[in-house]
Amino acid sequence: ISAFGATYEVGPGRALETPGQVPWATLEAGDTVAIHWREEPYRDKFVICRQGTAEAPITVRGVPGPDGQRPVLSGENATEAPGLNYWNTARGLIKVGGASVPPDTMPRYLVIENLELRSARPPYRFIDRSGNPQNYNANAAAIYVEKARNLTIRNCVLTDSGNGLFVGTATAPNITRDIVIDSNYIHSNGNEGSAFEHNVYTEALGITFQFNQLGPL
């Protein structure tokens, strides 16, 4: 497989206006989703349930603004991307894990980098694929990893969610493994009056944390 996949440019003046217009259900190895900074947060939520390769990962990359600002995706009043059908939608802003559309698989060889992801928790709400408002679960996460292999999350800000980062492991053979959490700023997550949500809440076989900054809950 060639390492040179398609690039989907998202943002003002780009081919796609918002992340909701990205063909998430058909991403292939080597594809890059480049989300450009804008002054207003994007309000889109989606699942990544596709496979890259070691030589050609699927990359979701924020392109910074003129002063280095990361593009912001907010869960507050976010709308599920059309053309997707996945479960546990109330558990996260970005979900990495199972789906019906695209067909369920073990997501692998993925990179998520240079984004600020925030506001996936009560009392915020989102709009589901049928156009109905829904509540986030208390344990919703900015990035909710239901299952994955060979996933890197790099240089992101994860904030104002139930869990900043949640990584779970499904039952065998769908065990989450080989995860790298690199150079992120994870802060101001949790819910008032609850001890059950955290900045980071993870379980995987082989997970590496390096160069991250964790702030107060």
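**Figure 1. R118 and E116 form a salt bridge in the predicted model.** The nitrogen-to-oxygen distance between the two side chains is 3.0 Å. The coordinates come from a predicted model, not from an experiment. R118 has a relative accessible area of 27%, so the residue is partly exposed. Both partners belong to strand β9, which spans residues 116-118. The structure holds 9 salt bridges. Further examples appear in Figures 2, 3 and 4.

**Figure 2. D160 and R121 meet in a salt bridge between two loops.** The closest N and O atoms are 3.1 Å apart. D160 sits in the loop between β14 and β15. R121 sits in the loop between β9 and β10. The two residues are 39 places apart along the chain. D160 and R121 are both buried.

**Figure 3. D104 and K147 join two further loops.** Their side chains form a salt bridge with an N to O distance of 3.2 Å. D104 lies in the loop between β7 (92-96) and β8 (108-113). K147 lies in the loop between β12 and β13 (149-154). The partners are 43 residues apart in sequence, so the pair ties together distant parts. D104 is partly exposed, at 42% relative accessibility. K147 is buried, at 6%.

**Figure 4. Four charged residues share a salt-bridge network.** The members are R61, E113, R154 and D182. E113 falls in strand β8, residues 108-113. R154 falls in strand β13, residues 149-154.

**Figure 5. N191 lies in the loop between β17 and β18.** Strand β18 covers residues 200-202. Is N191 buried or exposed? Its relative accessibility is 13%; the cut-off for buried is under 20%, so N191 counts as buried. The side chain of N191 makes a polar contact of 3.0 Å with the side chain of E197. Beyond its neighbours within four places in sequence, N191 is in contact with R121, P122, A138, G162 and E197. One of these, R121, is the salt-bridge partner of D160 in Figure 2.

**Figure 6. Strands β14 and β17 run parallel.** Strand β14 holds residues 157-159, and strand β17 holds residues 185-187. They are joined by 3 bridges. V157 stands opposite Y185. Both strands belong to an open sheet of 5 strands. The order is β5-β9-β14-β17-β20, and the pairing is parallel. Which strands form the edges? They are β5 (72-74) and β20 (213-214), each of which pairs on one side only.

**Figure 7. S74 is a buried residue of edge strand β5.** Its relative accessible area is 2%, so S74 counts as buried. A polar atom of the S74 side chain lies 3.2 Å from the backbone nitrogen of E76. Leaving out residues up to four places away in sequence, S74 touches P41, Y42, R43, D44, L93, R118 and S119. Among them, R118 is the salt-bridge partner of E116 in Figure 1. Another, Y42, has the charged end of R38 over its ring, 4.1 Å from the ring centre.

**Figure 8. F126 and Y136 form a tilted aromatic pair.** The structure holds 4 aromatic pairs. Here the ring centres are 4.8 Å apart and the planes meet at 50 degrees, so the pair is tilted. F126 is in strand β10 (residues 125-127). Y136 is in the loop between β11 (133-135) and β12 (141-145), 10 residues away in sequence. Both F126 and Y136 are buried. The charged end of K45 also sits over the ring of F126, 4.4 Å from its centre.

**Figure 9. F166 and Y201 pair edge-to-face.** The centres are 5.5 Å apart, with 70 degrees between the planes. F166 lies in strand β15 (residues 163-167) and Y201 in strand β18, so the pair ties together parts 35 residues apart in sequence. F166 is buried, with a relative accessible area of 17%. Y201 is partly exposed, at 40%. Ring pairs link Y144, F166 and Y201 into a cluster.

Notes:
Residues numbered from 1 in each chain as written. Predicted model: local features only at pLDDT ≥ 70, side-chain atom pairs only at ≥ 80, totals over all residues. Heavy atoms only, no water. Pairing = 2+ DSSP bridges. Helix = DSSP H or I, 4+ residues; strand = E, 2+ residues; numbered from the N terminus. Buried < 20%, exposed > 50% of the residue type's maximum accessible area, 1.4 Å probe, protein only. Polar contact = N/O pair within 3.5 Å; in protein donor to acceptor, adjacent residues only side chain to side chain. Contact = heavy atoms within 4.5 Å. Phe/Tyr/Trp six-rings, centres within 6.5 Å; stacked < 30°, edge-to-face > 60°. Lys NZ or Arg CZ within 6 Å of the ring centre and 35° of its normal.
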